[in-house]
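Here's a friendly walk through a protein model, starting from a single residue and working outwards. Keep the structure open beside you as you read.

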Amino acid sequence: MEGSGTWQGLILVGIVTWICLSSYLNLTLKFRSLVQPWVARQVVGGVPLILRIQKYQNGVLDAFFSGLSCVVSVPFYTAFLPLLFWSGHGRLARQMTLLIAFCDYLGNCIKDVVSAPRPSCPPVRRITATKDEEDNAMEYGLPSSHTLNTVCLSGYLLHYVLSSLERENVSIQYYGFALACLLVALIAFGRIYLGMHSVVDIISGLVIGILILGLWLTVNEKIDDFITSKQNVSSFWTALSFLLLFAYPTPEHPTPSYEYHTAFNGVALGIVTGVQQTYSQFHHEAAPRIFSPELPISSYLGRVMVGIPTILLVKFCSKSLAKWTLPTVSYALGIPIRSSTYIPKLKLDSGYANGKKTDDTKNSVGYLQKLSEFLNQDSFDVDTGIRFLQYAGLAWSVVDLVPSLFSYINL
């Protein structure tokens with residue numbers, strides 16, 4: 001990959017330039033003022049249709065659409081992807097991980113830029129059967145993340161299966177495409193039925209999902225070649241992940257969307273760094289796959305029984321380590337910080353309160369304080385760094401630590 005350092009530098013410089021320009025020109029507010037009123041009118045105008053659909057509500061349909069939403073939710077994918085890595089389908093697993101991270105980032109960015117409301121409840125009846133659905137209801141509406149993610153992931157999975165077949169089979173293509181369309185249609189209708197989205201949210205999710213899928217099918221092989229190469233992969237992706245934390249728009253009011261982006265940003269970093277270090281050992285195309293003589297179902301179940309507790313332990317340890325180290329490092333570097341969730345007792349040092357410097361801390365703050373002032377931040381939320389490192393550690397263990405354990409115990 002000759003000249004990779006050049007395009008890596010250009011990408012990072014481009015993101016930094018975008019962060020500076022969008023902050024200086026206040027692009028988020030300007031775009032929101034143009035789009036939000038129109039979207040809000042469409043949401044209000046779509047309420048009668050939702051009410052007509054909800055006239056047919058019953059317990060069976062409530063359970064069916066609630067369960068279907070859970071099956072295509074981000075937490076489900078988070079739990080499913082490690083099992084896919086350990087099954088030997090490494091390329092599919094890492095591509096789906098990066099794709100959902102990209103979908104999550106772009107979809108949530110659009111949500112928070114537009115900051116469009118969900119259908120008003122009441123009169124719409126909103127069904128939130130799980131804690132995850134309750135959190136989703138706190139996000140803005142446009143686009144529908146469930147619809148967007150389902151379009152992208154079912155479409156990519158269909159592409160992967162069809163491209164893996166030794167010869168083309170028209171009937172398999174037809175039934176596969178029909179099944180994917182049926183799943184997307186059920187998810188889209190279910191989001192309206194559950195009172196979570198209006199029609200404009202669904203349509204935007206479909207359109208954006210199709211555009212992202214088309215883009216991903218164009219670049220996915222190049223991305224995979226880069227990840228499995230040795231061309232500054234870890235350093236570039238670390239810098240990219242760090243910048244993406246700042247290249248996220250500020251919503252009209254705080255929502256959980258940024259937390260989801262932070263988590264999957266960390267997951268992507270952990271997967272990329274782990275895979276590029278251990279690709280030749282565990283994740284190459286000739287790795288044993290489930291149901292093969294080299295990896296029978298009994299061995300795979302053994303992997304799951306060893307792997308799941310291990311990654312949960314790593315997640316706990318990485319979170320605890322981050323909660324201890326990040327505040328210490330932040331104070332040492334003079335970075336003003338706060339915490340709203342993970343460290344509730346954390347209070348700003350008087351030298352950093354409200355982003356102000358005292359004479360004792362003036363020399364240690366320097367450029368970092370100027371950065372926070374430029375980004376209009378009185379202080380930085382240390383919870384973001386903790387969440388990021390927690391999920392990066394979890395993902396790294398999925399593709400590096402746990403496969404090493406499998407090799408050690410002959411699984």
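## Starting at T262

This is a predicted model, so treat what follows as a reading of a prediction. Let's begin with T262, which sits in helix α12, a stretch covering residues 257-283. Is T262 buried or exposed? With a relative accessible area of 0%, T262 counts as buried, because that label applies to anything under 20%.

Who are the neighbours of T262? Setting aside residues up to four places away in sequence, T262 touches L245, T384, R387 and F388. Another residue to look at here is L389: it is 127 residues away from T262 along the chain, yet the C-alpha atoms of the two are separated by 9.3 Å.

## A closed space inside

Now for some empty space. The structure holds one cavity of 30 Å³ or more, and about 100 Å³ of space lies in the largest cavity. Its lining is made up of T78, L81, P82, F85, T97, F264, V267, I271, L394, A395 and V398.

Which helices supply at least two residues each to that lining? They are α5 (74-86), α12 and α15 (382-408). The largest share, four residues, comes from α5. By class, the lining of the largest cavity has nine nonpolar residues, two polar ones and no charged ones.

## An open pocket

The second largest pocket holds about 710 Å³ of space. It has 36 lining residues, and those nearest its centre are V74, P75, T78, Y260 and Y391. T78 also turns up in the lining of the largest cavity.

Plenty of helices take part here: α5, α6, α7 (131-137), α8, α12, α13 (297-333) and α15 each give at least two residues to the pocket lining. How does that lining divide by class? It has 15 nonpolar, ten polar and eleven charged residues.

## The nonpolar cores

Next, the buried nonpolar residues. The largest nonpolar core has 61 residues, and F85, W86, L99, Y156 and W237 are the ones with the most contacts inside it. Helix α6 (residues 90-114) gives the most to this core, with ten residues. A second, separate core has 13 residues, including I50, A188, I192 and M196.

Y156 is worth a closer look. Leaving out its neighbours within four places in sequence, Y156 is in contact with R91, L92, Q95, M96, L99, L213, W216, L217 and N220. One of these contacts, L99, is also among the core residues with the most contacts. F85 has two roles as well: besides its place in the core, F85 helps line the largest cavity.

## T150 in helix α8

T150 belongs to helix α8, which covers residues 145-164. Its relative accessible area is 1%, so T150 is buried too. Beyond the four nearest places in sequence, T150 is in contact with V72, G155, L183, V184 and I187.

## What the record says

An unreviewed UniProt entry lists residues 6-27, 63-86, 174-193, 199-219 and 231-248 under "transmembrane region". How do two of these spans look in the model? Residues 6-27 are 95% helix and 0% strand, with their end C-alpha atoms 28 Å apart. For residues 63-86, the figures are 92% helix and 0% strand, and the end C-alpha atoms lie 31 Å apart.

Definitions and conventions: Residues numbered from 1 in each chain as written. Predicted model: local features only at pLDDT ≥ 70, side-chain atom pairs only at ≥ 80, totals over all residues. Heavy atoms only, no water. Buried < 20%, exposed > 50% of the residue type's maximum accessible area, 1.4 Å probe, protein only. Contact = heavy atoms within 4.5 Å. 1 Å grid on protein atoms, 1.4 Å probe; cavity = no way out; pocket = protein on both sides within 12 Å on 5 of 7 lines; lining within 4 Å. Points joined across faces, edges and corners; volume = space filled by probe spheres on them. Nonpolar A, V, L, I, M, F, W, Y, C, P; charged D, E, K, R; others polar. UniProt positions renumbered as here; feature names shortened; annotations may be inferred. Core = buried A, V, L, I, M, F, W, Y, C linked by side-chain atoms within 4.5 Å.
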